[in-house]
Amino acid sequence: MKITIIGAGNMGSAIARGLAQGNLIKAKDITVSNPSNGKLETLKTAFPDIVTTNDNEKAVENADIVILAVKPWLVAKVVPSLKLKCSQIFVSLAAGITTEQLTEYVNPRIPIARMIPNTAIAELSSMTLISTRDMTKEQEQLLLNIFNEMGMTLIIDESKMAAATALTSCGIAYVLKYVQAAMQAGIEMGITQKESMTMVAQSLEGAAKILLNNNTHPSIEIDKVTTPGGLTIKGINELEHNGFTSAIIKAIKASL
Ligand SMILES: NC(=O)c1ccc[n+]([C@@H]2O[C@H](COP(=O)([O-])OP(=O)(O)OC[C@H]3O[C@@H](n4cnc5c(N)ncnc54)[C@H](OP(=O)(O)O)[C@@H]3O)[C@@H](O)[C@H]2O)c1
């Protein structure tokens, strides 16, 4: 299985690193193409077996899967020049470019996937969304297997892609905003910035694990820590008096 990544920016490089650290694809079977050399050299230093090039067309020649990681406004220019074949799987990361639009630039019989990871892919903890077009169950499973090595991957209907992106790709920034706000409170109460960050981030990871490992619901878990007359319910009610739930709903819907 050979994978080519077009674009060595934040996403392209994070995926190349993730793939090279996983068990499914060998580093020597990963090719990354980018017009400038700096990011390619950084990748090569970390993973010498990864193949790097400035030639997109040559890079995709023998690939089984081609991952497009350029900015959305470059899609129309870059994709036709790749001359993709029907035997290849085409995966586009370009936000907002639909599979329908992508078929304008490639042979319409090519299996296409739209993929939206979030920045936690660099830590192999991405929430990755995939929607596919003209793809067999085996090809979908292959993508799931590959990207589950870099976090959690869900195949969703393309009609839900924008909403799901608001929850995950934009959503990671809102979660970080909560961490930043909690840190400010910690600092005001005399805890150092670094300690505040560690305390809040670890609490966040714990909360995520409670939910994901036990398939439970936030209400059940909040109920466990809100003793009647206790401190936590005072804080929860204060959040609500200040419109916390409404602010989150509005923020996520604003990202549609
Ligand atoms: N960042 C996110 O959280 C996120 C999440 C989901 C999806 N996405 C999508 O992922 C894609 C990449 O985003 P990014 O944040 O990784 O952008 P980025 O850091 O700007 O990376 C884009 C890369 O594409 C390279 N490039 C430019 N022209 C090229 C060409 N003709 N052929 C090959 N490579 C070329 C650029 O190289 P030079 O720098 O040398 O010009 C750059 O290294 C975007 O479409 C974005 O919508 C991003």
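**Exercise 1. The overall layout**

The protein chain has 12 helices and 8 strands, and the model that shows them is a predicted one. Task: describe how the protein chain is divided into domains, and state how far apart the C-alpha centres of domain 1 and domain 2 lie.

Solution. Begin with the extent of the protein chain, whose C-alpha trace spans about 65 × 40 × 30 Å along its principal axes. The domain assignment then gives domain 1 as residues 3-157 and domain 2 as residues 171-254, and the C-alpha centres of these two domains are 34 Å apart. As a last step, consider burial and contacts: of the 256 residues in the protein chain, 28% are buried, and among the contacts with a separation of 6 or more, 57% join residues 24 or more positions apart.

**Exercise 2. The largest nonpolar core**

Task: say which residues touch the most other members of the largest nonpolar core, and follow the contacts of Ile6.

Solution. The largest nonpolar core holds 49 residues, and the members that touch the most others are Ile6, Ile15, Val66, Ile67, Leu68, Ala69 and Val91. Helix H1, residues 10-21, supplies the largest share of this core, with 5 residues. Next, take Ile6 and set aside residues up to four places away in sequence: Ile6 then touches Val66, Ile67, Leu68, Ala69 and Val70, and also Ser33, Asn56, Ala59, Val78 and Leu82. As general background, nonpolar side chains tend to be buried together in soluble globular proteins.

**Exercise 3. Two residues of helix H4**

Task: decide for Val75 whether it is buried or exposed, do likewise for Ser81, and list what each touches.

Solution. Val75 is found in helix H4, residues 75-82, and Ser81 is found in helix H4 as well. For Val75 the count is 20 other C-beta atoms within 10 Å, and because a residue with 20 or more is buried, Val75 is buried. For Ser81 the count is 11 C-beta neighbours inside 10 Å, and because a residue with 12 or fewer is exposed, Ser81 is exposed. Turning to contacts beyond four places in sequence, Val75 touches Leu68, Val70, Ala94, Ile97 and Tyr105, while Ser81 is in contact with Asn56 and Glu57. Distances complete the picture: Val75 and Phe90, 15 residues apart in sequence, have C-alpha atoms 13 Å apart, and Ser81 and Val106, 25 residues apart in sequence, have C-alpha atoms 9.4 Å apart.

**Exercise 4. Strand E7 and the loops beside it**

Task: characterise the surroundings of Leu129, and then locate Leu124 and Asp134, which have positive phi values.

Solution. Leu129 has its place in strand E7, and with 23 C-beta neighbours inside 10 Å it counts as buried. Leaving aside neighbours within four places in sequence, Leu129 is in contact with Met115, Ile116, Leu154, Ile156, Met161, Ala164, Thr165 and Thr168; of Leu154 it can be added that it lies 25 residues from Leu129 in sequence and 5.2 Å away, C-alpha to C-alpha.

For the second part, recall that most residues other than glycine have a negative phi. Leu124 has a phi near 60° and is found in the loop between strand E6 (112-116) and strand E7 (126-133). Asp134 has a phi of about 55° and is found in the loop between E7 and helix H6 (137-148). Leu124 has 14 other C-beta atoms within 10 Å and is partly exposed, and Asp134, with 14 other C-beta atoms within 10 Å, is partly exposed.

**Exercise 5. How H8 and H9 pack**

Task: at what angle do helix H8 and helix H9 pack, and which residues make the contact?

Solution. Helix H8 (residues 171-188) and helix H9 (residues 193-214) pack at an angle of about 135°, and their axes are 9 Å apart. Angles over 145 degrees count as roughly antiparallel and those from 65 to 115 as roughly perpendicular, so H8 and H9 are oblique to each other. The crossing in which H8 passes H9 is right-handed. On the side of H8 the contact is made by Val175, Val179, Ala182, Met183, Gly186 and Ile187, and on the side of H9 by Gln193, Ser196, Met197, Met199, Val200, Ala201 and Leu204.

Conventions
Residues numbered from 1 in each chain as written. Predicted model: local features only at pLDDT ≥ 70, side-chain atom pairs only at ≥ 80, totals over all residues. Core = buried A, V, L, I, M, F, W, Y, C linked by C-beta atoms within 7 Å. Helix = DSSP H or I, 4+ residues; strand = E, 2+ residues; numbered from the N terminus. Contact = placed C-beta atoms within 7 Å. Domains from an automatic or database assignment. Axes fitted to C-alpha atoms, helices over the stretch in contact; angles between N-to-C directions. Parallel < 35°, antiparallel > 145°, perpendicular 65-115°, else oblique. Left-handed = near helix turned anticlockwise from the far one by under 90°.
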